[in-house]
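Here is a short tour of a protein and its ligand. Please have the model open as you read.

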Amino acid sequence: MILEALEYLTTPCPKWVRDMGYLREAIAIRHRARRCHADWAQHQTNTKDAILSTARAYGHLPDITILGAGLCLDIPVQDLSPLTDRLTLVDAVRLRGVRLPQNARYLCQDIEGSATALYAGKAPPDRPLVDFQGPGLLVSVNLLSQLPLIPTRWSDDPLLGQRILQRHVQSLRDHTGPTLLIADALRWTLESKGAVLSQEDIAQTAGLPPPEHSWRWPIIPAHEAGHGPRVETEVGVWRL
Ligand SMILES: C[S@@+](CC[C@H](N)C(=O)[O-])C[C@H]1O[C@@H](n2cnc3c(N)ncnc32)[C@H](O)[C@@H]1O
């Protein structure tokens, strides 16, 4: 708790990131990832493998852009570096401790545009990923289901979450180069003995077909849930 508070106070970031709660969430993810290291390891390996095998299939790429980079726990940064001229990592917030190779840069920005638009009282941009257009590979990594979480707390619009999911998928589809999406397809909330309390079909809401392949990720395993519900997802891979 003390470490989390210290990190919160000393991490440099724009005001909207702190005020809207992105910094707090990012720090919480870092600490949950430590506590759930063993439970998350296979998911992180699967994510890295999917990114690397896709990038290798294209030979040398002018750009590789990773959306939802976070702490790069599920991104094979060092292996991607020689496959491209420029590796770009994008997230709302860059926490300390992310090491980058020489040809990499880390951009802190609102990937989807709804968060900063709500914060500023404006309409979201029509084409949120326009800065990343080009022949390079665009990868969205374990980000899709996270995109609506904070904006929906800031709005009364019951359709905002669905619109954000669909807009992100559409912007990936509009990308001129190859695109890889790795994202929660289904999310289950489970009681401690495993009975399903609720199921959310994120892929269907986002307008996605069934994934090319998928695996299970125990995001909140029993030891993390305590007396509360466990959460598990099916993570899917799509080339859009
Ligand atoms: C589940 S984490 C991804 C894990 C990350 N690849 C890692 O290894 O740490 C989701 C990430 O999405 C980011 N995120 C959520 N909404 C965002 C937005 N609107 N713009 C930019 N990043 C966002 C969060 O800051 C978080 O780092």
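A residue counts as near a molecule if its C-beta atom, placed from the backbone, lies within 6 Å of it. By that rule 23 residues surround the ligand, and the closest are Gly70, Leu71, Leu73, Ala92 and Ile111. Helix H3 (residues 22-35) gives the largest share of this shell, 3 residues. The table sorts the shell by class.

| Class | Members | Residues in the shell |
|---|---|---|
| Nonpolar | Ala, Val, Leu, Ile, Met, Phe, Trp, Tyr, Cys and Pro | 15 residues |
| Charged | Asp, Glu, Lys and Arg | 4 residues |
| Polar | the others, Gly among them | 4 residues |

This is a predicted model: local features need pLDDT of at least 70, side-chain atom pairs count only at pLDDT 80 or more, and totals for chains, interfaces and linings use all residues. Residues are numbered from 1 along each chain as its sequence is written.

The protein has 10 helices and 8 strands, taken as DSSP runs (helices H or I, at least four residues; strands E, at least two) numbered from the N terminus. Along its principal axes the C-alpha trace spans about 50 × 40 × 35 Å. Of the 240 residues, 34% are buried, meaning that 20 or more other C-beta atoms, placed from the backbone, lie within 10 Å of the residue's own.

Now to helix H8 (residues 160-174): its end C-alpha atoms are 21 Å apart, which agrees with the 21 Å expected for 15 residues at 1.5 Å a residue, the rule being 1.5 Å times one less than the number of residues. Buried in H8 are Ile164, Leu165, Arg167, His168, Val169, Ser171 and Leu172.

Methods:
A residue is buried if 20 or more other C-beta atoms lie within 10 Å of its own, exposed if 12 or fewer, and partly exposed in between; C-beta atoms are placed from the backbone.
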